[in-house]
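Reader: Hi! I'd like to talk through this structure with you, one piece at a time. Could you bring it up?

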Amino acid sequence: MKNKSLVSINDYTREEQLKILDLAAGFEKQPTQSILEGFVIATLFFEPSTRTRLSFESAASRLGAKVIGFSDASSSSVQKGESLRDTIRTVSNYSDIIVMRHPKEGSARFASEVASVPVINAGDGANQHPTQTMLDMYSIRKTQGTLDDLNIAFVGDLKYGRTVHSLVMALCNYNTTFHLVSPEALKLPSSVKIHIKDNKHKYFQYTELAEVIHKVDILYMTRIQKERFSDPMDYEKVKNSCILKNQMLTDAKPNLKIMHPLPRVNEINVDVDDNPKAYYFQQALNGVYVRQALLASILGVK
Amino acid sequence: MKQDENGKELKVSAIENGTVIDHIPCESVFQVIKILSLNDIGDQVLFGTNLESRKMGKKGIIKVSNKFFEPDDVNKIALVAPTATLITIRNFKVAEKKKVEIPDYVEKIAKCFNPNCITNHEKVTTRFTVIDKVELKLRCHYCEKITARDTIWFF
């Protein structure tokens with residue numbers, strides 16, 4: 001996968017994805033290795049992020065690479081009206097790989113076409129977030145022992161949640177049964193559902209979270225954002241339909257794990273945190289190993 | 001009443017040289033005029049709609065003098081009027097006749113309907129994969145969203 005940009009999860013074949021997961025398992029055993037000494041990694045965050053940026057920078061630092069970049073568009077020459085094309089061409093000259101988050105959908109694909117170095121998409125608007133997907137896959141495989149034949153529920157904002165879109169697409173390579181729980185206004189878009197249908201996987205749609213808990217191996221929770229609703233009354237009506245409380249987990253399968261891309265607001269009650277089924281903080285840690293695997297693989301040292 | 005070379009009655013007058021776009025769905029006639037910017041050319045443009053057609057029941061037709069369409073324009077016609085036939089006329093005679101075909105890939109002629117797509121904010125040539133030729137669905141190469149018949153716009 002040397003020099004191969006990662007923009008959309010489907011850019012990597014099933015075999016390539018599994019190779020990254022295997023590499024990540026190696027970094028989990030031994031996270032500090034000086035294999036990227038001398039490499040410069042640019043992290044261009046045109047939109048704020050805590051977890052993704054810091055876990056990339058942590059991954060790079062633990063492997064001995066130097067990190068340059070910005071964490072806010074206002075501290076870059078975008079402020080002066082520079083085009084994305086020019087910013088990317090310039091930064092290509094200064095770095096060996098570019099990690100980019102940008103608010104416009106398709107920006108990462110465009111950047112990968114104008115950059116002379118590989119680009120890793122760290123989120124392009126509501127479109128894709130493939131490194132989150134890889135760490136989600138890593139977490140699923142680690143907790144369930146496999147990615148095949150699982151029942152996976154996606155809960156919350158399935159319309160705008162890019163982590164959901166990428167993960168659904170990725171899981172279409174495995175024999176997944178999808179359980180989609182969301183308010184009517186935030187259903188999974190047809191552009192994503194088409195991948196489930198094309199691969200002839202089973203999927204079920206719900207509006208109440210309680211209906212699916214006992215059926216699934218993974219409960220993938222997401223945040224419902226108030227600003228997605230044009231009418232605040234609509235938000236009030238649905239905001240409680242997708243909230244998980246500890247008492248709801250009594251009939252859950254023993255192997256169930258609860259995942260969440262974070263940040264969480266109120267969709268997972270804090271009383272769930274101490275339940276051994278809660279996996280979201282471990283999931284965030286897995287992000288460092290997966291990003292180490294991606295950097296090492298794309299830079300050609302693993 | 002005027003007649004064509006085979007003696008058929010003509011509702012829309014013949015042209016000497018140029019292109020006839022025949023078998024246009026009636027509801028698409030004005031859209032075809034618009035996407036080809038036919039309101040903006042100096043040559044004669046004749047059109048008719050709700051004309052009788054043995055094949056289609058009713059059809060539209062556009063005749064443009066001294067104009068021979070480039071592949072990009074032909075692709076645009078195919079996207080809004082997939083039933084259309086293009087007839088090249090030279091010296092009042094049919095020189096060539098072919099059905100338009102919806103291409104597998106669409107480059108630069110169509111706009112992505114997603115307002116948050118990078119192609120609507122930077123100078124980027126749009127690129128789409130046609131994923132459904134019957135319903136007409138185009139997947140944007142950049143934002144991966146689907147532009148459909150009712151949301152398609154042309155440059």
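Reader: Thanks! What distance separates the centres of domain 1 of chain A and domain 2 of chain A?

Author: Happy to help. This is a predicted model, and in it the two centres, taken over C-alpha atoms, are 25 Å apart. On the contact between them, domain 1 of chain A puts in 28 residues and domain 2 of chain A puts in 27 residues.

Reader: And where do the domain bounds of chain A fall?

Author: The assignment gives domain 1 as 9–128 + 287–298, and domain 2 as 130–284.

Reader: What area is buried between domain 1 of chain A and domain 2 of chain A?

Author: About 2,400 Å², with carbon and sulfur atoms giving 54% of that. On the domain 1 side, Ile9(A), Leu21(A) and Arg51(A) supply 25% of the area buried against domain 2 of chain A, more than any other three residues.

Reader: Good to know. How many salt bridges are there between domain 1 of chain A and domain 2 of chain A?

Author: The count there is 3 salt bridges. For residue pairs in polar contact across that interface, with both at pLDDT 80 or more, the number is 11.

Reader: Which elements give two or more residues to the side of domain 1 of chain A that touches domain 2 of chain A?

Author: Those are helix 1 (14–29), helix 2 (51–62), strand 4 (119–124) and helix 9 of chain A. Helix 1 of chain A has the largest share of that side, 9 residues.

Reader: Let's stay with helix 9 of chain A for a moment. Why call it largely enclosed by the rest of the structure?

Author: Because 15 of its 19 residues are buried, helix 9 of chain A is largely enclosed by the rest of the structure.

Reader: What span should helix 9 of chain A have at 1.5 Å a residue?

Author: Its 19 residues, 280–298, should span 27 Å, and the end C-alpha atoms are 27 Å apart, which agrees. After helix 9 of chain A comes Gly300(A), with a positive phi near 85°.

Reader: Nice. Now the other interface: how many residues do chain A and chain B each bring to their contact?

Author: Chain A brings 20 residues and chain B brings 17 residues. The area buried between the two chains is about 1,500 Å², and carbon and sulfur atoms give 47% of that area.

Reader: What about salt bridges between chain A and chain B, how many are counted?

Author: Just 1 salt bridge is counted between the chains. Arg127(B) forms a salt bridge with Glu113(A), and the closest N and O atoms are 3.3 Å apart. There are also 12 residue pairs in polar contact between chain A and chain B, both residues at pLDDT 80 or more.

Reader: Which helices of chain A each supply at least two residues of the side that touches chain B?

Author: Helix 3 (84–94), helix 4 (107–114) and helix 7 (190–198) of chain A do. Helix 4 of chain A gives the most to that side, with 4 residues.

Reader: Over to chain B, then. What does its domain assignment look like?

Author: Chain B has domain 1 at 2–99 and domain 2 at 105–154. The centres of those domains, over C-alpha atoms, are separated by 26 Å. In their contact, 8 residues of domain 1 of chain B meet 8 residues of domain 2 of chain B.

Reader: Which residues in domain 1 of chain B lose the most area to domain 2 of chain B?

Author: Asp72(B), Lys76(B) and Leu79(B), which together make up 65% of what that side buries. The area buried between the two domains of chain B is about 740 Å², of which carbon and sulfur atoms give 72%.

Reader: Which side chain does Asp72(B) meet in a salt bridge?

Author: That of Lys108(B), at 3.4 Å from N to O. Across the interface of domain 1 and domain 2 of chain B, 1 salt bridge is found. Helix 1 (29–35) and helix 2 (71–80) of chain B are the elements giving two or more residues to the domain 1 side, and helix 2 of chain B has the largest share, 5 residues.

Reader: Last one: is Asp22(B) buried or exposed?

Author: Asp22(B) is buried, with a relative accessible area of 9%; the cut-off for buried is under 20%. Asp22(B) sits in strand 1 (residues 18–24) of chain B. Leaving aside neighbours within four places in sequence, the residues in contact with Asp22(B) include Lys59(B), Gly60(B) and Thr83(B).

Conventions: Residues are numbered from 1 along each chain as its sequence is written. Chains are lettered from A and ligands numbered from 1 in the order in which they are written. This is a predicted model: local features need pLDDT of at least 70, side-chain atom pairs count only at pLDDT 80 or more; totals for chains, interfaces and linings use all residues. Side-chain values use heavy atoms; hydrogens and water are left out. Buried means under 20% relative accessible area, exposed over 50%, partly exposed in between (1.4 Å probe, protein chains only). Contact means heavy atoms within 4.5 Å. The expected span of a helix is 1.5 Å times one less than its number of residues. Domain bounds come from an automatic or database domain assignment. Buried area is the accessible area (1.4 Å probe) that two parts lose on being put together, summed over both. A salt bridge is a side-chain nitrogen of Lys or Arg within 4 Å of a carboxyl oxygen of Asp or Glu. A polar contact is a pair of N or O atoms within 3.5 Å; within protein, one must be able to donate a hydrogen and the other to accept it, and residues adjacent in sequence count only if both atoms are side-chain atoms.
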